[in-house]
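Trainee: Could you pick one part of this model, go through it closely, and then show me how it fits with the rest?

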Amino acid sequence: MRMTISEKIIASAAGLEKVSAGEIHTVNVDRLMSNDGTTHLAIDMYNTLLKKPRIADKDKLVFIIDHNMPADNPKTAAAHKKMRDFAREHGIAFYEGKGVCHQIMMEEYVRSGELIFGADSHTCTYGALGAFGTGVGNTDFLYAMVTGKSWVLVPPTLRFHLTGKFREGVYPRDLILTIIGDIGADGATYKVMEFTGEGAKAMNINERMVLANMAVEAGAKTGIFEPDEAALEYLENHGRKPKYLFKSDPDAVFEKEYHYDLSKIEPVVARPDNVDDVVSVDEVGDVKINQGFIGSCNSGRIEELRTAASILKGKKIADGVRLLISPASNTVYLQALQEGLMDIFIDAGAMIMNSNCSVCWGGCQGVIGEGEVLISTGTRNFKGRAGHKDSKVYLASAATVAASALAGKIVRADRVIA
Amino acid sequence: MKIKGKVWVLGDDIDTDIIIPTEYLAMKSIHDMKQYAFSPLRPELAASIRPGDIIVAGKNFGCGSSREQAPEIIKSLQVGCVIAKSFARIFYRNAINNGLLLVEHDLLPELVTEGEDITVSVGEYIEHKDKRYDLSPLPTNLMEIIAAGGLVEAMKKKNSRND
C-alpha cells in the first residue's frame, strides 16, 4: 500500500484506495469544530451570503466557547450570544465554560482514524489519538458545514523517531520546543509531523497531545501518532471506539526522518518573539519575570498540574510575581481538586482561573502590560501575544514555569528544588 | 491580471497576531479593525498603505492563528498582493478564500527597498528596476477563486452558471 497514517486517513475520507503526497482530493469531513474566535463570522456569512443556507449534517458540528470565556465585554458577549442562539436553533452540540476546545474535543469526540477540521490552528492536537485534525479559517469551516466536504492537498510526512527516556525534570514540552528550535517555525510547513518509536509509545495520550498540539508552530498541517493500546484505552475510558486504526506501512514514503534520544533533551525555553528561538534554561541568563502561566491546550492537563504542584508544595511564589493556573477542562479541574493540587496552588499564592484559553491567547484574562515578562506553558510567544506589544513571552514546561514563579526569574526546576 | 504598486517591506515570520492583534478582534467589523493592522510592529503602516500597494516579506508570512481576520484586514487595506519567500499554510488557504492574492518568490524580497515601485503580472513575472523575474502560473481553480473575490463569491458564480 505504501501509505502513511495521514495518507490512509485522507484516502478513506476521499473514498479512494490510495493517495499520495502532492495530490488534491475532495474529502468528507468526519467532524467540524469551531470556537468563539471566529464562529460569529461564519454565522454572519451563513446568514447573509448564502442564497439557501443549509447545514449538511448538524451531528458533525461542535461549537465551543473558550477564547473569551466568560465574556469580558459587551462585544464578546454579543459574539457568544450569536453562537449560542445559532447552536440552539440548529441543534448543534454546544459547550461553554467547560474548557479549552481541543481538550473538550479529545475528551468527548475525537476517534482514531477520523478527519477533523477545526476553526482553530491547534486542531492538530487530535493526532495524539491517531486522528487527522487540522486548522482552517471560517470560510473553509463554512464551506464544510454547508457541504459536508472540503479539499485537502495531501501533505508529505516528516517522521520523528523518539528513543530513550526523559531524564528526571524533563518533559514532552521540552522535547517539542527543542524540535521546533531545530527545524524552525516553518520547518514542517504543509507537512505532517509523525511521531514514532519506543519514546513515542511510552507516552500517554495527554503527553502525546503536548507534541501533536505544537506541530502547527513548526508550520505543520498536523502532528500524528500511531493509535495503539494507549489510544484504545483512552477511547474506552471516554466511552468511544476508534473509527480506524491506521499504521504507516513499512514502505511508506517519508520526506525526511529525524532521530531524537529523549535522554539527551534538556529543559528549554523559547525566547520572545519566536517559537523557534529555543535555548536551554541554563543559557537564558538573568531574566526576571512578572507573571507565570500554567494552562492551555498545550499544557493544562493533570500531568502538568501535578508537576507544578510538586514544585510549589509548601513554598511561596516570589514577591511581585503573579502565577495564573487554568486547568484545560473542568474534568481536569475536578481531578486537580480531588488530588489536593488546588490547595497547594492557593497556598503558594497562585490564582486559579476557570478552564479556558486564558493567558495563552492574550484575550480575556491575565494580559500583561508594557515591558512585562511572562513565562508560559502556552502555545505562542509572538510579539504582543499576551498583551502589550512591548511585553515579552517565554515558553517553557510547567516545571520551569512553577520554579520560575518561586524564584522570580527564569530558572530550572531542579535548581529550585536543590 | 497586472498589479503595479509601491512596496512596503517586512521581515520573516510576520505572524497573525502582528497582522491583527487579539485585543482588536472583538471589534464590530474589519473596517473598524483595519487601522490596527501590523500595529505591534509598524503602528504607522495601516494608515500609510494606499490602494494597490504591495507588501513584501520574508519567510513564513502569516504563521500562527487560523484567524481569518488576518487576510481579510490586508484585503480591506486594498493591498494589491503580498509577495513573500513563503507563506504559512492556514493563512495561505484563508487568503485565497478571501480573494487576497499571494505570490511566493525567493529572490525578490532580498532585492527590493521599501518605497520602490514594482509590477506583478500574475502567473507571469514580477518587474523591478527594469528587470523581470519569472513567476509560475497559479492553478486555475485558485485563480478563479481570487478573480471572483473569494471562495463564497466563486461558489455563487459556479452555482448561478449551473442553475
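Mentor: Let's start with β5 (residues 115-118) of chain A, which runs parallel to β6(A) and is joined to β6(A) by four bridges. Strands here are DSSP runs of E at least two residues long, helices are runs of H or I of at least four, and both are numbered from the N terminus; a pair of strands needs at least two DSSP bridges. For a landmark in this pair, take I116(A), whose bridge partner in β6(A) is G133(A).

Some housekeeping before we go on. This is a predicted model, in which local features need pLDDT of at least 70 and side-chain atom pairs count only at pLDDT 80 or more, while totals for chains, interfaces and linings use all residues. Residues are numbered from 1 along each chain as its sequence is written, and chains are lettered from A and ligands numbered from 1 in the order in which they are written.

Back to our strands: β5(A) and β6(A) belong to an open sheet of five strands in chain A, with the order β4-β3-β2-β5-β6 and parallel pairing. The edges are β4 and β6 (132-135) of chain A, each of which pairs on one side only. From one strand to the next, the twist averages 20° (axes are lines fitted to C-alpha atoms, for helices over the stretch in contact, and angles between N-to-C directions run from 0 to 180 degrees).

Now look towards the β4 edge. Here β3 (residues 61-65) and β4 (residues 93-96) of chain A pair in the parallel sense, over four bridges. V62(A) has A93(A) as its bridge partner in β4(A). To get from β3(A) to β4(A), the chain passes through α3 (residues 74-90) of chain A, and this β-α-β crossover is right-handed (with the strands pointing away from the viewer, the path from the first strand over the helix to the second runs clockwise). α3(A) lies across β3 and β4 of chain A and runs at about 150° to β3(A).

Don't skip the loop between β3 and α3 of chain A, where P70(A) lies. The peptide bond joining M69(A) to P70(A) is cis, with omega about -5°. A second cis peptide bond runs from P272(A) to D273(A), with omega near 0°; D273(A) sits in the loop between β12 (268-270) and β13 (278-280) of chain A. One more backbone oddity is S296(A), in helix α10 (residues 296-299) of chain A, where phi is positive, near 90°, in a residue other than glycine. These stand out because most peptide bonds are trans and most residues other than glycine have a negative phi.

Next, the partner chain. The contact takes 34 residues from chain A and 29 from chain B, where two residues are in contact if their C-beta atoms, placed from the backbone, lie within 7 Å. On chain A's side, α2 (39-48), α3 and α5 (138-147) each supply at least two residues, so to speak, with α5(A) giving the most, four residues. By class, that side has 10 nonpolar, 15 polar and nine charged residues (Ala, Val, Leu, Ile, Met, Phe, Trp, Tyr, Cys and Pro count as nonpolar, Asp, Glu, Lys and Arg as charged, and the others, Gly among them, as polar).

Zooming out, chain A is assigned domain 1 (5-261) and domain 2 (268-417), with bounds from an automatic or database domain assignment. Their centres, taken over C-alpha atoms, are 25 Å apart. Domain 1 of chain A puts 31 residues into the contact and domain 2 of chain A puts in 32. On the domain 1 side, α4 (101-108), α6 (172-183) and α8 (205-213) of chain A each supply at least two residues, and α6(A) gives the most, with six. That side divides into nine nonpolar, 14 polar and eight charged residues.

Altogether chain A has 16 helices and 18 strands, and its C-alpha atoms fill a box of roughly 60 × 55 × 40 Å along the principal axes.

Finally, chain B has an open sheet of seven strands, ordered β4-β3-β2-β1-β5-β6-β7, with mixed pairing. Its edge strands are β4 (102-104) and β7 (131-134) of chain B, and neighbouring strands are turned by 30° against each other on average, direction ignored. Within it, β3 (residues 81-84) of chain B and β4(B) pair in the parallel sense over three bridges, with A84(B) opposite E104(B) in β4(B).
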